[in-house]
Amino acid sequence: MMTNELEVGKSSQMEMFTLPVNAAAQKKIDDVHEEPIENEDLASYLESLSEVPSQSTRLCGYLNKLGGKGPLKRCKTRWFVFDSRKCHLYYFRNAHDNSPLGSMDLSNAAFNYCLEAEEGTFEIKTPEKDYTLKAKNKEVMMYWLQQLQQKRWEHDKLNHLLEGDLPTSDPQPDTPPAFKTEEETNEFLDPVKIPTGLVGEEAASLPAPLQPSTLSNISLKHLGTEIQNFGSKTVLQFCGNKPLRENRTSYEEMNQAASEMSGSPSLPKGEDTSVKECHLEVQKPLPRKTSTGGNLRNLVNFLNTGPMWQERFAVKDGTSPAELNKDVLRLTRELNAQRELVKLLHRALEAAQQEKRACGSFLTADDSTRLELVRHKVRHIRELENRVCSLEKERHEMEQNLKLQQTHVDELKQHAQLLMDKNHAKQEVILKLTEQMVAKETEKPEFDEVIATTLDELRTKVSHMQDVQEAYNTQNKFLNSEIYQVTKLWQNARDREKALSMKCAYLEARYCQIESKYLVMLHKLQNISGQDETCQEIVKQFIAEQLKWEIKDESNLAVGRICSEHDEYGFKLVSSPVQDQNILAKIQALERKSNDLILGQEGQEKNIQVRWENQLSGKSFGELMPSPELKNLIRNGIPKEHRRHVWKWCINRRVRHIRERYGSNRYQELLKLCKNKQQAASKQIELDLPRTLTNNTHFSSPSSKMVQMLRRMLLAYSWQNPDIGYCQGLNRLAGIALLVLQEEEDAFWCLVAIADCIMPEDYYSKTLTGSQVDQRVFKDLLSEKMPRLVSHFDQYNVDLSYVTFNWFLVVFVDSLLSDILLRVWDAFLYEGTKVIFRYALAIFRCNEEDILKLHDSLAIYDHLQCLTKNISEEKKLMNIAFVEMNPFPMRLLQNRRTVHLEKLKAELRELEKIRVEYVKDREEHKELIAVLSEDEEET
C-alpha cells in the first residue's frame, strides 16, 4: 500500500478512554499497587508506570514547529517534552523556560509523514488541531514517531488496567492481553536507535539546532508566557546561581500550560503537577522578591527596536513585479465589470423613471386622454413586437451565416493541418539526414563518451529511484503500524463498551429478579396468620413503599425506577384497585422486564430485529408482499418502530376496494356530514367515551386529544355503515388503532377494516348474530382440543360465553396485557379472525390444570374473570397458539360457521314466531278485558 497521506484514528470514528490525571486517578494507581497481584508481569508493569521515568527513557528534544498565519507562517524551534501520565506533548521556546507555550493531547492522536515534504517533517493530528513538526533528519523523525506510538499504546493499556475487571461471563480465550511490550507493538518497523545528542537530556545542554538568530523565534501568540519565562530567567541571573541556570531543564507546575491552552493566565491551585515529574530535572524556582518591572520594560523596548518590523516590511516589499502586475490586471477587470454594472443600472433607472412619468400622466389625465395613452401604448407594443420579429429573422440569418463561416473555417483548419503535417514530415526527414551526417562525422571516442555519460545518468536515476522506493516502503511500514495500533485501540474500546453494556443489562435483570422475590416474600408474610399487630404494620409499610413507582432524590427531581408505571403506549402496568392484585401485577411486570433483558442478552430479540430490517430495507408503504417469512415474523411480534408501517399496509390490503369506490377524501366528507346532521348513535357514543380504555393515560381525561379524535372517528363510522351505526365495543377497537397508528384517518380505516372486512357479517349488528355464531364454533373447537375441560364446565353448568363473548367482540382489548395484546393484533390484522380462536384456545390451555382443580361453579367463575391477567409469558402463549393448536384450517372454521349460522337463524325464526303469537294473544286478552270492564260498568 503506497500512499502520500493517510488519516486514521479520528475521534469521530472511535471513543478513546483517557486517564484523568488528578488526585483520584493517582489514588487509584496506588490502590492497584497495594492489592495483591498474582501476575508478576502485570505488577511489574504497573510499578514501572507509577515510578518517575528514568533518565534514559525520557522523551524530550528540540523540534521545529510550523506556526503562524499568512506571511508570518514559518517554522520556529521549540523544546518538546513528553508527559507519560497525561499522554501530552508539551513544547517550550527553549529547555530553560519554566512555563510551556502549549501542549498536544496524544491519547486520541494519529501520526503521519509525507515523502514529498522536506526531510524530517511529520504530522501529529489530534481532534482539536493538526500540528506539523520537523526534526533535524529522517533518523530523528522516525525515533520520535516510534516513541510517540509506544507512549500512546502504554497510556491506553494503563487506562484499561485502571478500569478494573468486569464481572461478566467467563472470559473469552481470545481476549487481548492487558499490555504489550515494545517488541510486540513494533511488528512492522525495526526500533530506531536513540540519536546521540539530538534527543534526551543531552540535547538540553547543546545549543538549539536551526535556531534563528533574530527574535522571530519568539511566540507572539503566547507573549504573556514569553514575558513570564523572561522574568524567571532574569531572577535567576540576579540570584547568581550559575549551576542552577546551567542545569535547569525543567519547568514549574502545569498551571501555565493549561492557562496557555484555555486562555486564562493560570489554573487553580489544585491542578495536577504530573508534568513537572516528567521533565528532565525538577528544580523549584527561587522566590521572586525583586521586582521585574524594569526587565519587562527592557524586553518591550527591545521588541520595538529589534529587527522584527524590518522583517515584516521585507516580506511585503519582497513581492515580485509579476505578481503586482497580475493584481493590477485583476483589479482592472473588476473595475470594468463594475462600470458595466453601473451603466446597466443607469439604464434601468431611466426606464423606471420614464414608466413613472407615464403612469403619473396617466393618473392625472381625463378619460379621453387615458384612452389615447392606452392606444398609444398598444401601438407601441405592436411596433416592438414587429421589431422583435424582424430581429428574430435577422438572428436566424446571422446564425446561418455563422454556420457557413464556421464550415469555411473548419475547411481552412483542415487545410492548414495538412500543410503542417507535410512541414513536420519534411522537418523529420531533415533531422534524420542531419543526424546521419553528424554520426558519420563524429569520431568513435566521442560516441563512447556519450554512451558512458548516458549510462552514468541512468545509474544515477536508478539509484535515486531505489532510494525513493525504500523511502516509500518505510512509509508504508510506518502507516501499517499506525493503522494496526489504532485498530487495536478501537477494538479494545469497543470490547470494553460491549462488556459494560452486558454488565449493565445483567445487573438490571438481577435487580428486577431480586425486587420480584422481595415482593413475593412480603406478600407471603402478609398472608401469614397469627402475627402481632406490630409485624403486620411493618409488612404493610414495606408493601406501600414498594408499590410507589417513582421516588424523588435530594434535589426534588423525579427519578424513574427500573419498572415504570405505564408502558410505551400509555397502558398502566398495575391497574387493580385491590392491593393483593396490585402486588401480583407488579411482580409480573418485574419478571417481564427481567425476561426481556435476558432475552436481549441472548441475542433472540436482536436476531428478530435484523430479520425485520432485512424484510423492510428499501421498501416504502405498500411495497410489502405476503410471504411465509413475513407471516412468521408478524406472529413473533412486530417491533414498535415498524408496527405503524406494517399495520397501515395490512389495513390498506383490506379496504383498498372501499377507498377506491368512495375516493381519497371520504373521511373528510364524513366529518362534514357529522357537523351538518345529527346522528342517532351520538348519545350512546358520548356515554361510552369515558369508559374507553380506562387504564390508559391518553384516554383518562375527557378533554384529551385522543378522546376528541375518538369521538370524530365513531361518528364518521356511524355514517359510513348505517346498518351498524354504533355498537358497544367499537370504541375500544378504535382506541387501540389510534394509539398505534397515531393518525385519525388511518385509525378510522382500521376500524372499517375490522368491522366491515375482517369480521363476519352481522358481527356488530343489533342482533350480534355473527358474535353468537363464533361462540358456538369456539365451544366445538374447545371440546375437540380440550375435552376434559369442556366436560368439567358441563358438570358445573358453566357458560363460557360469560367470559369469551367479550374476547371475540373487542379482540381481547382490556383482557390481555398490553404487550401481548398488540402481538395478538399484529397477527389478527394480517391473518384474520382465526387468530382470535387460536389465542382463546391457548389461554384455556395455559389454565386448564388450575381450572380442573376447582369444584365449585362460583370458584370457576371467579377464576375465569382473572383468566387473562395471570398470563405474562407471551412466548409460551404464542407457541401454544400457533404450534400446539395446529392443524387449524380456515376452511374448517368457515364450515362450522355456516352450520351454526343456519341453526341460529332457525332458532331466531322460532323465537320470532313465538313472539308474534304472544303479541296476538296479548291483544285478544286486552280486548276481552275491555269488554268485561264495560259489562261491569253497566251493572
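Biologist: Which residue in S2 does Gly67 stand opposite?

Modeller: This is a predicted model. Strand S1 covers residues 60-67 and strand S2 covers residues 74-83; eight bridges join the two, which run antiparallel. Opposite Gly67 in S2 stands Arg74.

Biologist: Which strands stand at the edges of the open sheet, each with a single partner strand?

Modeller: The sheet has seven strands with antiparallel pairing, in the order S4-S3-S2-S1-S7-S6-S5. Each edge strand has a single partner, so one side of it is left without a neighbour in the sheet. The edge strands are S4 (102-105) and S5 (110-112).

Biologist: By how many degrees are neighbouring strands of this sheet turned against each other on average?

Modeller: The pairing in this sheet is antiparallel. With direction ignored, the average turn between neighbouring strands is 35°.

Biologist: Which helix gives the most residues to the largest nonpolar core?

Modeller: The largest nonpolar core has 113 residues, and those with the most contacts inside it are Leu730, Ile754, Tyr764, Phe812 and Phe844. The helix that gives the most to this core contributes 10 residues and spans 744-758. That helix is H24.

Biologist: Is Asn847 buried or exposed?

Modeller: Asn847 lies in the loop between helix H29 (834-846) and helix H30 (848-852). Leaving aside neighbours within four places in sequence, Asn847 is in contact with His863, Leu867 and Ile871. The relative accessible area of Asn847 is 5%, and the cut-off is under 20%, so Asn847 is buried.

Technical notes. Residues are numbered from 1 along each chain as its sequence is written. This is a predicted model: local features need pLDDT of at least 70, side-chain atom pairs count only at pLDDT 80 or more; totals for chains, interfaces and linings use all residues. Side-chain values use heavy atoms; hydrogens and water are left out. A nonpolar core is a set of buried Ala, Val, Leu, Ile, Met, Phe, Trp, Tyr and Cys residues joined through side-chain atoms within 4.5 Å. Buried means under 20% relative accessible area, exposed over 50%, partly exposed in between (1.4 Å probe, protein chains only). Helices (H or I, at least four residues) and strands (E, at least two) are DSSP runs, numbered from the N terminus. Contact means heavy atoms within 4.5 Å. Two strands pair if DSSP finds at least two bridges between them. Axes are lines fitted to C-alpha atoms, for helices over the stretch in contact, and angles run from 0 to 180 degrees between N-to-C directions.
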